[in-house]
Amino acid sequence: MVAARPSEAADGTVQQVDVAVVGAGFAGLYLLHRLRKAGLSAVGLEEAGDVGGTWYWNRYPGARCDIQTIDYGYTFDPELDKAWTWSEKYATQPEILRYLGFVADRYDLRRDIRFGTKVTAAKWDEKAERWQLTTNNGAAVSCRFYIMATGCLSAPKPPEIDGVRDFRGEVYFTGRWPHDGVNLAGKRVAVIGTGSSGIQSIPVIAEQAAHLTVFQRTPNFALPAHNGPSPADRRDLFQSDRAAYRAQARQSMSGVPYPQQTVVSWQLSDAERRERFERAWAAGDLVHILTQLWADQAVDVDGNKIVQDLIREKIRAAVRDPETAAALMPDDHPFGAKRPCLETNYYATYNRPNVTLVNLRQEPIKAITAGGITTAKRNVDVDVIVFATGFDAMTGAIRAVHPITGRDGKSLTDVWAQGPQSYLGLTVAGFPNFFMITGPGSPSVLSNMAVSIEQHVDWVVDRLKALHEAGFTTIEPTETAQAGWNRHMADCSMLTLHRLANTWYTGANVPGKVQGLMPYTGGVGPYRSICDEVVSRGMLGFRLT
Ligand code: FAD
């Protein structure tokens with residue numbers, strides 16, 4: 001191994017490193033830190049102009065995390081944990097970006113990152129046993145190990161509507177919001193999309209715009225964030241024993257330290273269920289409401305329907321116009337089978353005189369014109385269109401590196417033609433020394449990602465060290481192990497209500513994308529145990545050479 005800093009390659013030459021890390025978000029930063037400590041030379045390759053990933057790109061008004069910030073951060077260094085205090089229960093995008101910049105400074109990570117550099121293709125060189133990466137800027141990279149820390153929600157979905165280019169006004173994407181902000185004062189604004197980014201930005205945009213028209217295809221369940229200072233009960237629990245708190249998060253189902261519920265809905269009276277629900281509603285915490293009501297809510301249609309009805313009741317009470325309220329009530333998926341959202345004044349925003357909801361189920365968009373948006377029933381003239389239309393989730397950024405060519409000239413696009421195949425969501429058969437952080441087949445977006453990212457990074461770097469110490473140069477999963485993992489993934493998903501929803505978890509939001517549940521539904525703690533067991537059983541399912 002090359003132990004030391006990557007060679008400073010001039011343009012046109014090839015940069016030689018042990019490990020290439022693509023992406024400088026939560027995952028890429030921690031990888032660089034761990035690799036350096038492990039004595040491996042590494043380079044970070046990042047399309048953006050600085051660190052931050054999700055929090056670099058998503059600067060739209062109202063952008064925040066929706067896992068409490070006390071839980072949404074690195075835990076690998078107790079000193080770092082102590083050195084940073086969040087100002088709110090749910091931090092804003094600028095604060096999270098500052099945190100990631102603080103981490104990059106603290107561990108001096110930027111010196112190993114090439115910003116403004118997009119990886120465009122990758123090829124396994126069988127003879128040299130190295131990956132060759134092509135970039136759009138500067139030297140190509142030759143590395144023994146190629147790690148994609150490219151993010152699950154980093155490839156914005158292009159608009160599917162005719163005429164976007166004809167529109168003469170301003171067009172913005174929540175996932176690529178301008179760094180200098182956008183002045184919406186006095187303007188007629190359209191927001192297309194009511195997923196997480198739409199639900200966060202709509203109330204803020206409504207306060208600025210002369211008029212806001214929201215175009216909604218599918219309503220989402222949204223719960224009040226009740227943002228403010230970090231809640232005393234969680235803070236006290238954390239302060240009383242930080243190590244135990246973090247350890248419990250790592251073993252939990254979702255990456256947030258809540259106990260497993262055992263009581264099922266039918267064991268509770270109506271009054272007891274309502275009492276639990278009201279407590280969860282008041283807590284303003286997605287993970288609480290998703291895991292703490294009753295044990296059958298995520299696995300049984302009847303147990304879930306009770307939660308749905310209670311939330312629909314809240315929406316009815318919050319929105320004055322009954323037709324608008326009805327349009328905002330989700331009725332096509334179980335609660336939790338599509339990622340629910342956290343909201344601040346979202347439903348109340350529809351009571352404002354300057355806000356209109358257009359229900360695209362009743363009047364689909366026909367075209368975008370020079371002056372606005374035409375639906376099947378009306379023309380809406382606007383000055384600004386904001387696309388809050390989400391991401392090509394989980395596989396979008398990986399597949400955008402094209403081709404990724406593995407052993408025997410096989411391309412990842414071909415191997416994934418019927419949907420992503422992986423072993424543990426970390427590796428792919430036929431692609432030696434290739435790793436994905438929070439890839440399809442791992443808990444990823446069904447978890448607190450900070451916890452899942454740390455687990456993946458630790459697992460991968462520990463393996464690279466062990467591999468080197470044992471004198472191996474390549475690692476690759478067997479086809480059998482991969483097939484077994486995919487079978488296990490499918491079995492787990494059949495036990496949850498995810499099987500009943502077409503969502504971005506299944507690829508349903510991207511036209512032409514192969515359908516199938518991409519994240520692992522077995523839970524964060526059980527998944528960690530499986531990864532550890534693979535190691536303790538002599539790298540079960542991997543071929544080492
Ligand atoms: P990212 O942060 O997405 O970083 C990936 C980086 O890779 C990007 O900077 C991208 O530019 C770069 N990249 C991709 N392809 C290439 C390429 N070919 N060449 C070079 N660079 C490339 N998760 C939670 O757990 N809790 C939350 O509250 C939460 N809130 C979220 C809010 C929003 C608005 C969004 C979009 C996501 C949220 N997430 C949340 C998920 C979030 O993506 C993760 O928590 C985490 O930030 C992911 O970190 P990452 O490093 O894996 O990926």
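Biologist: Which residues does Leu424 touch, not counting those up to four places away in sequence?

Modeller: This is a predicted model, so read every contact as a prediction. Leu424 touches Gly441, Ser442, His456, Trp459, Trp485, Tyr527, Ile530, Cys531, Val534 and Phe542, with residues up to four places away in sequence left out.

Biologist: And how many residues are in the largest nonpolar core?

Modeller: There are 120 residues in the largest nonpolar core. Leu424 and Trp459 have the most contacts inside that core.

Biologist: Which element supplies the largest share of this core?

Modeller: H15 does, with nine residues. Another core lies apart from this one. That other core has 23 residues, including Val17, Val401, Leu412 and Trp416.

Biologist: Switching to the ligand. Which residues come nearest?

Modeller: Glu46, Thr54, Asp66, Tyr72 and Met449 come nearest, out of 32 residues around the ligand.

Biologist: Which helices each supply at least two residues of that shell?

Modeller: Helix H1 (26–37), helix H2 (54–57) and helix H15 (449–469). H2 gives the most, with three residues.

Biologist: How do the shell residues divide into nonpolar, polar and charged?

Modeller: The shell has 17 nonpolar residues, 11 polar ones and four charged ones.

Biologist: Now the polar atoms. What lies 2.7 Å from an oxygen atom of the ligand?

Modeller: A polar side-chain atom of Thr54. Backbone atoms come in too. A polar backbone atom of Asp66 is 2.5 Å from a ligand oxygen. A polar backbone atom of Val119 is 2.9 Å from a ligand nitrogen.

Biologist: How much of the ligand's accessible area does the protein cover?

Modeller: The protein covers 95% of the 980 Å² that the ligand has on its own.

Biologist: Back to Asp66. Where is its place?

Modeller: Asp66 is in the loop between H2 and helix H3 (78–83).

Biologist: Buried or exposed?

Modeller: Asp66 counts as buried because its relative accessibility is 12%, and the cut-off for buried is under 20%.

Biologist: The backbone of Asp66 is by the ligand oxygen. Which side chain does the side chain of Asp66 make a polar contact with?

Modeller: That of Arg339, at 2.7 Å. Leaving out residues up to four places away in sequence, Asp66 touches Tyr90, Ser196, Leu286, Arg339 and Leu342.

Biologist: Different topic: Lys305. Which helix is it found in?

Modeller: Lys305 is in helix H10, residues 301–318. The side chain of Lys305 has a polar contact of 2.8 Å with the side chain of Asp309.

Biologist: Why is Lys305 classed as partly exposed?

Modeller: Because its relative accessible area is 42%, and partly exposed runs between 20% and 50%.

Biologist: How far are the C-alpha atoms of Lys305 and Leu426 separated?

Modeller: By 35 Å. Along the chain, Lys305 and Leu426 are 121 residues apart.

Biologist: What about Ala295, where is its place?

Modeller: Ala295 is in the loop between helix H9 (286–291) and H10. Ala295 is partly exposed, at 30% relative accessible area. With residues up to four places away in sequence left out, Ala295 touches Gln261, Thr262, Val263 and Val264.

Biologist: How far apart are Ala295 and Thr324 in space?

Modeller: They are 32 Å apart, C-alpha to C-alpha, and 29 residues apart in sequence.

Biologist: Last topic, backbone oddities. What kind of peptide bond joins His402 and Pro403?

Modeller: A cis bond, with omega about 0°. Most peptide bonds are trans. Pro403 lies in the loop between helix H13 (396–400) and strand S17 (404–405).

Biologist: And what is the phi of Glu129?

Modeller: Positive, about 55°, although Glu129 is not a glycine. Most residues other than glycine have a negative phi. Glu129 is in the loop between strand S4 (119–125) and strand S5 (130–135). Glu129 is partly exposed, at 24% relative accessible area.

Biologist: What about the phi of Asn345?

Modeller: Asn345 also has a positive phi, about 65°, and is not a glycine. Asn345 sits in the loop between strand S11 (341–343) and helix H12 (346–349). Its relative accessible area is 47%, so Asn345 counts as partly exposed, since exposed means over 50%.

Definitions and conventions
Residues numbered from 1 in each chain as written. Predicted model: local features only at pLDDT ≥ 70, side-chain atom pairs only at ≥ 80, totals over all residues. Heavy atoms only, no water. Near = heavy atom within 4 Å. Polar contact = N/O pair within 3.5 Å; in protein donor to acceptor, adjacent residues only side chain to side chain. Areas by Shrake-Rupley, 256 points an atom, 1.4 Å probe, with all protein chains shown as cover. Helix = DSSP H or I, 4+ residues; strand = E, 2+ residues; numbered from the N terminus. Nonpolar A, V, L, I, M, F, W, Y, C, P; charged D, E, K, R; others polar. Core = buried A, V, L, I, M, F, W, Y, C linked by side-chain atoms within 4.5 Å. Buried < 20%, exposed > 50% of the residue type's maximum accessible area, 1.4 Å probe, protein only. Contact = heavy atoms within 4.5 Å.
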